[in-house]
Amino acid sequence: MKEEMDYLRERLLELLAIDSPTGFTRKAQEYLMKELTALGYAPRETVKGGVLVDLGGPTGREDGLLLSAHIDTLGGMVREITPQGRLKITNVGGLRATSVETENCRVYTRFSGVYSGTLQLMNASVHVNSEVGTAERSYDSCEILLDEPVESKEDVKKLGIRNGDFVCFDTRSQITDSGYIKSRFLDDKLSVAVILALAKELRDKGITPSRRLWAHFTVYEEVGHGGAASIPEGVRDILAVDMGCVGDGLECTERQVSICAKDRIGPYNYDMVTELVQAAEKAGADYVIDLYPHYSSDADVTVTAGHDMRHGLIGPGVYASHGYERSHLDGEENTLQLLAAYVQ
Ligand SMILES: [Zn+2]
């Protein structure tokens, strides 16, 4: 498992270094196409911008399994250039202004390159504004200061910055000596890295899955339609591999793999949850079963879109989700062990 975990760790850091908010995921797609091809698979791009790959197993049957993980993350988009030459943004997915206040970012223009900046409260100097400590933080009260000498809307437009440009925030990614993984957007790049490591393990050890196995790397999960399309022929089960919730009232820690029994949309397929628990037991993976009160997954989307399929959800525990998130290499390893047992 050490070789897979070394591979996983490297891929995770590379993935986190790629800006990929929903709707702006081309570079992450190219990365996955390259990586899966290097592993000896034949991935293909979906029209929406995702990546679909056949990981092997018997053909001509109707009990195939599709794993899904999303490469899209949270981010921002320019919605207004102010008369003072600042940028007002809207969030892409559920990114809160409080999570990225004072964070550095990159503004990707359509035709004129990339500019850096920082999201700050308006009038952010404490020596000038007595309300810095108490002002409400929102995308109306915060703005991006560009690292360019701009003082007007015209100055900004001359740089080529326009409404609709994507804004990508620094992830501040690090893995501590004690194994904790701290970064923005661990959701869901943790699981993308796990599936890559699974693909490597299958290939290196010559393992043939017990039923046809596919992986779909989706690109619109954070806005709710990632898993709606691209279900291969013969697939019966959809398993979302996404972040496991950690918080008050839940059992999971960042060092475990979480099996979700029910989320905001409703219960997952009962038999599939049971099989996932059995696979975790067989693998000796450290797991919990939890319910996620404010969560829906790409697997929910697949069944909601009208596919007659069984659905499930597992993933490594993530604390402070959609903020500065924290997980652990043990959570990654337990997720990989569960998956490897489930597909064999
Ligand atoms: Zn997610």
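Tutor: A helix axis here is a line fitted to C-alpha atoms over the stretch in contact, and angles run from 0 to 180 degrees between N-to-C directions. The model is predicted.

Student: At what angle do α5 and α8 pack?
Tutor: Take the two helices first. Helix α5 covers residues 186–205, and helix α8 covers residues 329–343. Their axes lie 10 Å apart. The angle between α5 and α8 is about 50 degrees.

Student: Which word describes how α5 stands to α8?
Tutor: α5 and α8 pack at about 50 degrees. Angles under 35 degrees count as roughly parallel, and 65 to 115 as roughly perpendicular. The angle of α5 to α8 therefore makes the pair oblique.

Student: Is the crossing of α5 and α8 left-handed or right-handed?
Tutor: Contacts come first. Residues of α5, including L190, V194 and L198, meet residues of α8, among them L336, L339 and V343. Where α5 passes α8, the crossing is right-handed.

Student: How far apart are the axes of α1 and α8?
Tutor: Helix α1 spans residues 2–16 and packs on α8 at about 120 degrees. That angle makes α1 oblique to α8. The crossing of α1 and α8 is right-handed. Their axes are 11 Å apart.

Student: Which residues in α8 meet α1?
Tutor: Start from the α1 side. It supplies E4, M5, L8, R9 and L12. Their partners in α8 are L329, E332, E333 and L336.

Student: Which strands stand at the edges of the open sheet β10-β11-β18?
Tutor: This sheet has three strands, and the pairing is antiparallel. An edge strand has a single partner, so one side of it is left without a neighbour in the sheet. The edge strands are β10 and β18.

Student: Which residue in β18 stands opposite I181?
Tutor: Strand β11, residues 180–183, runs antiparallel to β18, and four bridges join them. Helix α5 lies across both strands, at about 25 degrees to β18. Opposite I181 stands S327.

Student: Do β15 and β16 pair in the parallel or the antiparallel sense?
Tutor: Strand β15 is residues 257–262, and five bridges link it to β16. Along the pair, V257 faces Y287, and S258 stands opposite V288. The sense of the pairing is parallel.

Student: Which helix joins β15 and β16 in the right-handed β-α-β unit?
Tutor: The unit holds two strands and one helix. That helix covers residues 270–283. Its name is α6.

Student: Which residues make up the covered face of β16?
Tutor: β16 runs over residues 287–291. Y287, I289 and L291 form the uncovered face. The covered face holds V288 and D290.

Student: Which residue in β17 stands opposite V257?
Tutor: β15 is joined to strand β17, residues 310–318, by three bridges. This pair runs antiparallel. The residue opposite V257 is P316.

Student: Is T302 buried or exposed?
Tutor: T302 sits in helix α7, residues 298–304. Leaving out residues up to four places away in sequence, T302 touches G227, I231, I238, H307 and M309. Its relative accessible area is 0%. Under 20% counts as buried, so T302 is buried.

Note on methods:
Residues are numbered from 1 along each chain as its sequence is written. This is a predicted model: local features need pLDDT of at least 70, side-chain atom pairs count only at pLDDT 80 or more; totals for chains, interfaces and linings use all residues. Side-chain values use heavy atoms; hydrogens and water are left out. Buried means under 20% relative accessible area, exposed over 50%, partly exposed in between (1.4 Å probe, protein chains only). Two strands pair if DSSP finds at least two bridges between them. A crossover is right-handed if, with the strands pointing away from the viewer, the path from the first strand over the helix to the second runs clockwise. Angles under 35 degrees count as roughly parallel, over 145 as roughly antiparallel, 65 to 115 as roughly perpendicular and the rest as oblique. A crossing is left-handed if the near helix is turned anticlockwise from the far one by less than a right angle, and right-handed if clockwise. Contact means heavy atoms within 4.5 Å.
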